[in-house]
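Here are some notes on this structure for someone who has not seen it before. Please read them with the coordinates open.

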Amino acid sequence: MKSEGGNANTRLSRQLERQRTISEMVMAEGAVRIDELAQRFGTSQMTVHRDLDELEARGLLRKSRGVATALSSSLVESSDVYRAGQQREEKKEIAKAALEFIEPGQAIFLDDSTTVLELAKMLPTHAPLTVLTNVLTVINELKGARGITLVALGGTYHNWCSSFMGGMTTDAIRNLRADLFVMSAAAVTDDVCFHQNQATVDIKRAMFAASAKRILLVDHTKFEKRALHALAPLSGFDAVVVDSRTGRDEIARLESRNIHVVVARGHARPEPAARQS
């Protein structure tokens with residue numbers, strides 16, 4: 001028989017998965033009727049309303065007159081609910097490769113990226129570790145994990161990214177020193193990490209400065225995107241871990257600039273197209 005805690009975790013997992021799917025459906029179609037969503041998921045309209053209220057609070061959509069409508073804003077792509085549904089296999093692949101940088105006894109800063117959340121799930125296999133984070137989803141993932149000393153960084157809570165941010169958070173980070181910082185970025189442009197939100201950049205920069213080593217985790221799609229605020233050059237990281245779908249030309253270009261690139265194993269990278277005779 002499952003424990004009450006196990007049942008609660010299962011319900012939470014189902015709820016998060018449903019909310020991710022709802023957000024993807026609404027963004028893909030522009031607008032979806034609430035009764036259609038209830039039918040699609042085989043649940044009550046009251047349950048769907050609760051899900052939509054949560055997604056609306058995170059800035060992912062608008063709910064009105066029985067219809068859920070997508071919002072077109074940078075906040076949508078910044079939301080952890082949206083990000084968790086993107087490139088899932090690549091994130092797991094990258095997280096597994098990043099484990100080679102984790103050694104028992106280390107103190108590690110973890111950022112609010114969903115790729116790093118995948119890594120957090122694997123950390124108990126490398127315990128004992130001290131994990132320092134401002135991210136509620138990471139805290140919930142590691143609370144009670146054997147061999148993990150968890151240092152939660154407080155501040156003002158932001159629902160859209162499930163994180164604590166602000167001056168209190170950066171002050172706490174500046175008073176700490178870690179062996180390692182593991183982070184991701186919204187985009188990589190001109191070999192520089194970018195993010196859409198300045199408050200998030202401030203937190204990552206503070207963690208970057210307070211760590212002896214820095215590891216960047218980015219899937220191949222990040223090289224195709226753009227974001228507003230510059231964060232750090234790739235040359236500032238001890239390693240950049242990419243998924244196996246990252247183009248060979250991109251990897252070769254980065255390596256030519258003395259950037260240490262680690263390619264995760266997994267999906268086979270596509271071969272270059274044959275030249276036409």
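1. Confidence. This is a predicted model, and the mean pLDDT of its protein chain is 87. A pLDDT of 70 or more is reached by 87% of the residues. Residues 267-277 are a stretch to treat with care, since pLDDT stays under 50 there. The model does give this stretch 13 contacts beyond four places in sequence. Where pLDDT is low, however, predicted coordinates should not be read in detail.

2. Overall make-up. The protein chain has 277 residues, of which 46% are buried. Its secondary structure consists of 11 helices and 15 strands. Among contacts with a separation of 6 or more, 60% are between residues 24 or more positions apart.

3. The largest nonpolar core. This core holds 33 residues. Those that touch the most other members are F109, I173, L216, L234, F237 and V240. At least two residues each come from the strands β4 (107-110), β9 (178-183), β12 (211-218), β13 (229-233) and β14 (239-242), and from the helices α10 and α11 (248-256). Helix α10 gives the largest share, 5 residues.

4. L234 and a separate core. Leaving out residues up to four places away in sequence, L234 touches V188, D191, V192, C193, L216, V240, L254 and I259. Apart from the largest core lies another one, of 29 residues, which includes A97, A98, V116 and L129.

5. The cavity. How many cavities of 30 Å³ or more does a search of the whole structure find? The search finds 1, and the space in it is about 50 Å³. The lining is made of D111, D112, N134, M165, T200, I203, K204 and M207. By class, 3 of these residues are nonpolar, 2 polar and 3 charged. Helix α10 (residues 198-209) supplies the largest share of the lining, 4 residues. This helix also gives the largest share of the largest nonpolar core.

6. D190 and D191. Both residues need a check of their backbone angles. D190 lies in the loop between β10 (187-189) and β11 (192-195), and D191 is found in the loop between β10 and β11. Phi is positive in D190, near 55 degrees, and this residue is not a glycine. D191, also not a glycine, has a positive phi of about 60 degrees. Are they buried or exposed? D190 counts as exposed because its relative accessibility is 71%, over the 50% cut-off. D191 is buried because its relative accessible area is 9%, under the 20% cut-off. D191 is also one of the residues that L234 touches.

7. The cis peptide. A127 and P128 are joined by a cis peptide bond, with omega at about 10 degrees. P128 sits in the loop between α7 (114-122) and β5 (129-133).

8. E141. This residue belongs to helix α8 (residues 136-142). Why does E141 count as partly exposed? The reason is its relative accessibility of 35%, which falls between the 20% and 50% cut-offs. Beyond its neighbours within four places in sequence, E141 is in contact with L117 and K121. E141 is 21 residues from A120 in sequence, and their C-alpha atoms are 7.3 Å apart in space.

Terms used: Residues are numbered from 1 along each chain as its sequence is written. This is a predicted model: local features need pLDDT of at least 70, side-chain atom pairs count only at pLDDT 80 or more; totals for chains, interfaces and linings use all residues. Side-chain values use heavy atoms; hydrogens and water are left out. pLDDT is the predictor's confidence in each residue, from 0 to 100. Contact means heavy atoms within 4.5 Å. On a 1 Å grid over the protein atoms alone, a cavity is a set of points where a 1.4 Å probe fits but cannot get out, and a pocket is an open set with protein on both sides within 12 Å along at least five of seven lines; lining residues have an atom within 4 Å of a point. Grid points are joined across faces, edges and corners, and a volume is the space filled by probe spheres set on the points. Ala, Val, Leu, Ile, Met, Phe, Trp, Tyr, Cys and Pro count as nonpolar, Asp, Glu, Lys and Arg as charged, and the others, Gly among them, as polar. Buried means under 20% relative accessible area, exposed over 50%, partly exposed in between (1.4 Å probe, protein chains only). A nonpolar core is a set of buried Ala, Val, Leu, Ile, Met, Phe, Trp, Tyr and Cys residues joined through side-chain atoms within 4.5 Å.
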